[in-house]
Amino acid sequence: MPLETDENHIFMPKSSLDKIDLEILKSLQEDGRLTNVELAGKVALSPSPCLRRVKNLEDSGVINGYQASVNRKTVGLGMTVFVEMRVGKQSRAQIMSIIDRVTSQPEVVSCHLVSGQSDILAEIVVPTLEAYDVFLSDFLMTLDGVEDVRSNFAIRTLKANGPLPLQHLEAIVESD
C-alpha cells in the first residue's frame with residue numbers, strides 16, 4: 001500500500017483497499033485458520049473472488065504471514081521482561097549492530113527503536129528469573145555500545161498480540 005509523502009513526512013496510506021478487503025482482514029485477524037469457503041461466507045463473496053483478494057493482500061504485503069499464537073505459560077515461558085537499553089555512541093552503525101545482535105536472539109520476541117530515555121525496547125521471554133539472569137549477564141551486558149540496561153518484569157499480561165485497529169482505513173475507503 002503506497003504512502004503519501006513529501007520530502008520530510010509520511011502521511012496516511014493511499015488505500016487501494018475496499019470494504020470487502022477490510023472485512024477479510026478483520027476476519028483473518030480474528031481467526032487465521034478460516035477456510036477460504038468460511039471466509040468467503042463471512043464477507044459475502046463466492047470462494048474464487050475471495051481467494052483472489054486474499055492472494056492480492058498477501059502479494060501486496062498487507063498480509064505478511066500466518067502463525068500460531070502459542071500460550072507462553074503452557075510451553076514453560078512464564079517470564080516476560082521488557083528491557084530498555086541506552087546506547088552510548090549513537091552512530092547509525094553502532095545502533096544497527098546492536099539491533100542485529102538483539103533481534104537474532106530467540107528470547108527476543110519484539111524489539112523497537114524508541115525515543116525517550118532509552119534507545120531500544122525489547123520484549124524478552126524466558127522460563128525463569130534464573131534464565132533471564134543468564135541472558136542479561138552473558139548477552140545483554142556484553143553488547144558493545146550499550147551504556148545502560150533496565151529490566152521491567154511483567155507481573156501479569158492483560159492483552160497481547162491483539163488485532164490491529166483498522167478504523168483509520170475505513171474512513172479512507174468510505175471517501176473513495
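Me: Two strands count as paired if DSSP finds at least two bridges between them. This model is predicted. Over how many bridges do β4 and β5 pair?

Reply: Take one matched position to begin with: C111 stands opposite A122 in β5. The sense of the β4–β5 pairing is antiparallel. The cut-off is at least two bridges. For β4 and β5 the count is five bridges.

Me: Which residue in the turn of the hairpin that β4 and β5 form has a positive phi?

Reply: β4 spans 108–113 and β5 spans 120–126. Six residues lie between the two strands of the hairpin. In that turn, a positive phi of about 115° belongs to G116.

Me: Over how many bridges do β3 and β5 pair?

Reply: M79 stands opposite V126 in β5. E84 has L121 of β5 as its bridge partner. The two strands, β3 and β5, run in the antiparallel sense. Their pairing extends over seven bridges.

Me: To which strand, residues 146–153, do seven bridges join β3?

Reply: β3 covers residues 79–87. One of its residues, V83, stands opposite S151. The two strands run antiparallel. The partner is β6.

Me: Why is β5 largely enclosed by the rest of the structure?

Reply: β5 pairs with β3. β5 also pairs with β4. Burial is the test here, and the cut-off is under 20% relative accessible area. β5 is largely enclosed because the buried share of its residues is six of the seven.

Me: What pattern does the protein follow along the sequence?

Reply: The secondary structure comes to six helices and six strands. Read in sequence order, they give β-β-α-α-α-β-α-β-β-α-β-α.

Me: What share of the contacts between residues at least 6 apart in sequence joins residues at least 24 apart?

Reply: One pair shows a long sequence separation: I172 and D18 are 154 residues apart in sequence. In space, their C-alpha atoms are 8.9 Å apart. Across the protein, among contacts between residues at least 6 apart, the share that joins residues at least 24 apart is 61%.

Me: What share of the 176 residues counts as buried?

Reply: The protein exposes about 12000 Å². Carbon and sulfur atoms supply 52% of that area. Of the 176 residues, the buried share is 27%.

Me: What is the volume of the largest pocket?

Reply: The lining of this pocket numbers 45 residues. Among the lining residues, the closest to the pocket centre are Q67, S69, A160, N161 and G162. The volume of the largest pocket is about 1800 Å³.

Me: Which element gives the most to the lining of the largest pocket?

Reply: The elements that give two or more residues are α1, β3, β4, β5 and α6. The top contribution is four residues. The element that supplies them is α1.

Me: How many charged residues are in the lining of the largest pocket?

Reply: Start with the nonpolar part of the lining, which comes to 23 residues. The polar part comes to 14. The charged part comes to eight.

Me: Is D21 buried or exposed?

Reply: D21 lies in helix α1. Beyond its neighbours within four places in sequence, D21 is in contact with S16, R53 and L57. Its relative accessibility is 8%. The cut-off is under 20%, so D21 counts as buried.

Me: Is I172 buried or exposed?

Reply: I172 sits in helix α6. That helix spans 167–175. The relative accessibility of I172 is 14%. With a cut-off of under 20%, I172 therefore counts as buried.

Me: What is the relative accessible area of A44?

Reply: A44 is found in the loop between α2 and α3. A44 has a positive phi of about 60°, although it is not a glycine. Exposed means over 50%. A44 is exposed, and its relative accessible area is 69%.

Me: Between which two elements is the loop that holds N161?

Reply: N161 is not a glycine, and its phi is positive, near 55°. N161 is exposed, with a relative accessible area of 66%. N161 is also among the lining residues closest to the centre of the largest pocket. Its loop runs between β6 and α6.

Definitions and conventions: Residues numbered from 1 in each chain as written. Predicted model: local features only at pLDDT ≥ 70, side-chain atom pairs only at ≥ 80, totals over all residues. Heavy atoms only, no water. 1 Å grid on protein atoms, 1.4 Å probe; cavity = no way out; pocket = protein on both sides within 12 Å on 5 of 7 lines; lining within 4 Å. Points joined across faces, edges and corners; volume = space filled by probe spheres on them. Nonpolar A, V, L, I, M, F, W, Y, C, P; charged D, E, K, R; others polar. Buried < 20%, exposed > 50% of the residue type's maximum accessible area, 1.4 Å probe, protein only. Contact = heavy atoms within 4.5 Å. Areas by Shrake-Rupley, 256 points an atom, 1.4 Å probe, with all protein chains shown as cover.
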